[in-house]
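Visitor: Hi! Could you walk me through this one? I'm new to reading structures.
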Amino acid sequence: MSLLQVENLNKSFGGLMAVRNLSFSVEQGEIVGIIGPNGAGKTTSFGLMTGFLAPDAGSILFRGQPIQGKDPEEICRLGIFRTFQLAQSFPELTVKENVMIAALLHQPAVRLAEREAEKILARMGMAGKGAVQTRHLTIPEKKRLELAKGLATRPKVMLLDEVMAGLLPTEIDSAIRLIAELRSEGITFVVIEHVMRVIMSISDRIIVLHHGEKIADGTPKEVSTQPNVVEAYLGEDFLFA
Amino acid sequence: MMGRGNWKFFLGLSGALLLLILLPLTFKISSYSLHIFIMVLYFSYLSSAWNLLGGFAGQHSIGHSAFVGLGAYTSTFLFLQIGLNPWIGMVLGAILASLAGLFIGFLSFHYRLRGLYFVLVTIAFAEILAILFSNIRFLGGASGLVVPLKEESLWLFQFRSKVPYYYIILTMLALNIFFCYWVRWTRLGYYLMAIRENEDAARAMGIRVMDYKLLATALSAFLSALGGTFYAQYTYFIDPLTVFGFGLSIEILIYPIVGGVGTVLGPVIGTFVLYPFAELIRTLLGARTAGIHLMVYGAILVAIMILAPRGIVGLFGKRFSPKKEK
């Protein structure tokens with residue numbers, strides 16, 4: 001049984017089919033990349049998988065249980081955390097409070113949650129930022145905070161929506177290391193990313209979306225050499241060694 | 001959890017409380033001045049109750065008179081009809097107000113009414129009750145209900161002197177502040193702030209937003225209704241306009257806005273500054289040209305909002321809000 005199984009998912013906004021007959025599965029411990037041009041339905045599928053959007057048709061199974069149509073908070077409680085493309089935080093609260101509030105999901109007391117938040121921030125290299133109001137963070141810092149909050153909810157699956165956009169190359173390297181490390185601790189990842197270097201290097205498998213449909217699903221090597229993928233997304237002049 | 005704030009906060013608060021306790025004992029205070037103090041404490045109390053929902057959780061209600069009115073009417077009506085003890089009526093009124101809060105909260109939150117739409121629902125709800133109570137003769141109609149003076153006793157919540165009322169509302173306010181302080185530093189407080197700051201982010205981290213908003217509404221309504229009974233017992237007279245009216249709802253939220261929305265002491269500080277001031281300009285200017293004191297009052301409010309958009313507490317930053325020092 002797959003950890004996460006999406007079957008024939010459909011979602012349209014007015015006349016636009018944002019996601020069309022989308023099916024794929026994610027196995028325990030995998031890192032699955034999702035790529036596709038703008039408007040391909042990547043973020044929409046995250047919204048559907050986490051209850052922020054209700055599918056028109058289709059099903060989503062998490063550990064064999066249907067979760068489509070459930071509220072976002074219940075889906076988080078089952079162990080699926082998503083980050084937002086535009087990082088969503090509590091702007092007037094401090095960085096530590098943001099993570100602490102997420103940690104309260106599993107911690108019975110504020111003090112314990114605070115301690116866990118400190119640990120997570122240290123791990124993320126944000127220990128010095130704990131007392132800063134979130135609205136003062138830079139965009140890359142806000143994205144790192146998204147990850148920190150996610151970890152505090154102790155997820156089984158993390159859906160990362162372009163957390164590396166805008167990062168410096170060295171920061172990208174450390175983010176990649178972090179994701180690999182977290183995977184070895186048992187967290188499964190589904191990653192939307194535009195930075196090809198990242199997606200090619202971390203993904204076990206890549207799903208390519210185009211106009212809401214899946215046009216490819218395979219290893220980075222398989223996908224990047226598939227002609228329709230090259231045409232749709234990578235561009236004709238894309239050269240993959 | 002009490003140890004989380006800095007000790008200066010508690011020292012300052014205890015000092016202020018002590019002063020207020022000693023006030024009627026040490027000074028020969030006129031009945032009029034005492035009345036002003038009672039009203040300041042009363043509005044501090046109602047504003048703090050509003051602040052739980054409007055300030056901490058960011059769900060701005062402009063219909064809190066609904067809860068005050070339900071409290072005032074429940075205890076008074078039951079006292080008149082079946083002679084029920086007002087203290088018991090007070091609790092029953094608070095429970096009824098909580099249920100009413102849950103009802104409008106559920107309707108609003110279930111249909112995802114946020115921001116201005118929630119504001120409109122609360123206004124409409126209070127107006128409906130005002131109209132309803134004005135037209136039901138059984139409940140006194142537009143002319144209201146009079147609390148009959150039976151005997152002077154704590155048991156019957158009736159006194160000839162204002163002093164006992166002063167101490168009752170002071171106690172209620174003190175308990176309310178400590179409750180708000182406790183909430184502020186517990187899971188509930190953090191969750192409410194998270195909901196205020198960003199509901200989607202809160203849901204994404206597993207917070208059951210609906211439950212917590214309803215809880216905040218019920219608590220806020222409960223406390224407000226207790227205030228309503230106090231008011232009825234203090235003035236011996238209630239009518240739909242004064243306890244359900246739009247004016248009361250506005251007044252309840254003016255003080256937190258001036259003092260600092262979402263802070264533990266903001267509503268209290270706002271009332272202590274603004275209420276006596278309004279009273280002062282009313283007595284100074286009220287007799288001259290009709291309405292001029294209201295114009296001055298309005299101008300001052302505008303000035304405060306421009307100069308201190310985060311309220312008086314915001315001007316002093318961390319000194320008045322019990323942030324931990326680190």
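Guide: Happy to! Let's begin with a strand pair: strand β1 (residues 4–13) of chain A and strand β4 (residues 57–62) of chain A are antiparallel partners over 5 bridges. Keep in mind that this is a predicted model.

Visitor: Which residue in β4(A) is the bridge partner of Leu4(A)?
Guide: That is Phe62(A).

Visitor: In what order do the strands of that open sheet come?
Guide: The order is β2-β1-β4-β5 in chain A, so to speak a row of 4 strands with antiparallel pairing. The edge strands are β2 (16–26) and β5 (65–66) of chain A, each of which pairs on one side only.

Visitor: And which helix lies across β1, β2 and β4 of chain A?
Guide: Helix α1 (residues 42–49) of chain A does, and it runs at about 65° to β2(A).

Visitor: What about the open sheet with mixed pairing, how many strands form it?
Guide: That sheet has 6 strands, in the order β6-β7-β8-β3-β9-β10 of chain A. At its edges stand β6 and β10 (213–218) of chain A; each has a single partner strand, so one side of each is left without a neighbour in the sheet. From one strand to the next, the twist averages 15°.

Visitor: What holds strands together in general?
Guide: Strands of a sheet pair through backbone hydrogen bonds, either parallel or antiparallel.

Visitor: Let's look at β8(A). Is strand β8 of chain A largely enclosed or not, and why?
Guide: Strand β8 (residues 188–192) of chain A is largely enclosed by the rest of the structure, because 5 of its 5 residues are buried. Thr188(A), Val190(A) and Ile192(A) point one way from β8(A), while Phe189(A) and Val191(A) point the other way.

Visitor: Which strands does β8(A) pair with?
Guide: One partner is strand β3 (residues 31–35) of chain A, which runs parallel to β8(A) and is joined to it by 4 bridges. Ile34(A), for example, has Ile192(A) as its bridge partner in β8(A). Another partner is strand β7 (residues 157–161) of chain A, also in the parallel sense, over 5 bridges. There, Val157(A) is matched with Thr188(A) of β8(A).

Visitor: What do β7(A), helix α6 and β8(A) make?
Guide: Together with helix α6 (residues 169–184) of chain A, the strands β7(A) and β8(A) make a right-handed β-α-β unit.

Visitor: Back to β3(A): how many bridges join β3(A) to β9?
Guide: There are 4 bridges between β3(A) and strand β9 (residues 205–210) of chain A, and the two run parallel. Gly33(A) has Ile206(A) as its bridge partner in β9(A).

Visitor: Helices next! How far does α5 of chain A reach?
Guide: Helix α5 (residues 139–152) of chain A has 14 residues and reaches 20 Å from its first C-alpha to its last, close to the 20 Å expected at 1.5 Å a residue. Of the 14 residues of α5(A), 11 are buried, so the helix is largely enclosed by the rest of the structure. Among the buried ones are Leu145(A), Leu147(A) and Leu151(A), and also Lys142(A) and Glu146(A).

Visitor: What covers those buried residues of α5(A)?
Guide: The cover includes β6 (80–82), α3 (95–103), α4 (110–123) and β7 of chain A.

Visitor: Any unusual backbone angles?
Guide: First, some background: most residues other than glycine have a negative phi. Glu162(A) is not a glycine, yet its phi is positive, about 50°. Glu162(A) is in the loop between β7 and α6 of chain A. Just after α5(A), Arg154(A) also takes a positive phi of about 50°.

Visitor: Is Glu162(A) buried, exposed or partly exposed, and why?
Guide: Glu162(A) is partly exposed, because 19 other C-beta atoms lie within 10 Å.

Visitor: Now chain B. How many residues does each chain bring to the contact?
Guide: Chain B brings 19 residues and chain A brings 20 residues. On the side of chain B that touches chain A, α7 (187–197) and α8 (199–204) of chain B each supply at least two residues. α7(B) gives the most to that side, with 6 residues. The residues on that side of chain B divide into 10 nonpolar, 3 polar and 6 charged.

Key:
Residues numbered from 1 in each chain as written. Chains lettered and ligands numbered in written order. Predicted model: local features only at pLDDT ≥ 70, side-chain atom pairs only at ≥ 80, totals over all residues. Contact = placed C-beta atoms within 7 Å. Nonpolar A, V, L, I, M, F, W, Y, C, P; charged D, E, K, R; others polar. Buried ≥ 20, exposed ≤ 12 C-beta atoms within 10 Å, placed from the backbone. Pairing = 2+ DSSP bridges. Right-handed = clockwise from strand over helix to strand, strands pointing away. Axes fitted to C-alpha atoms, helices over the stretch in contact; angles between N-to-C directions. Expected span 1.5 Å × (residues − 1).
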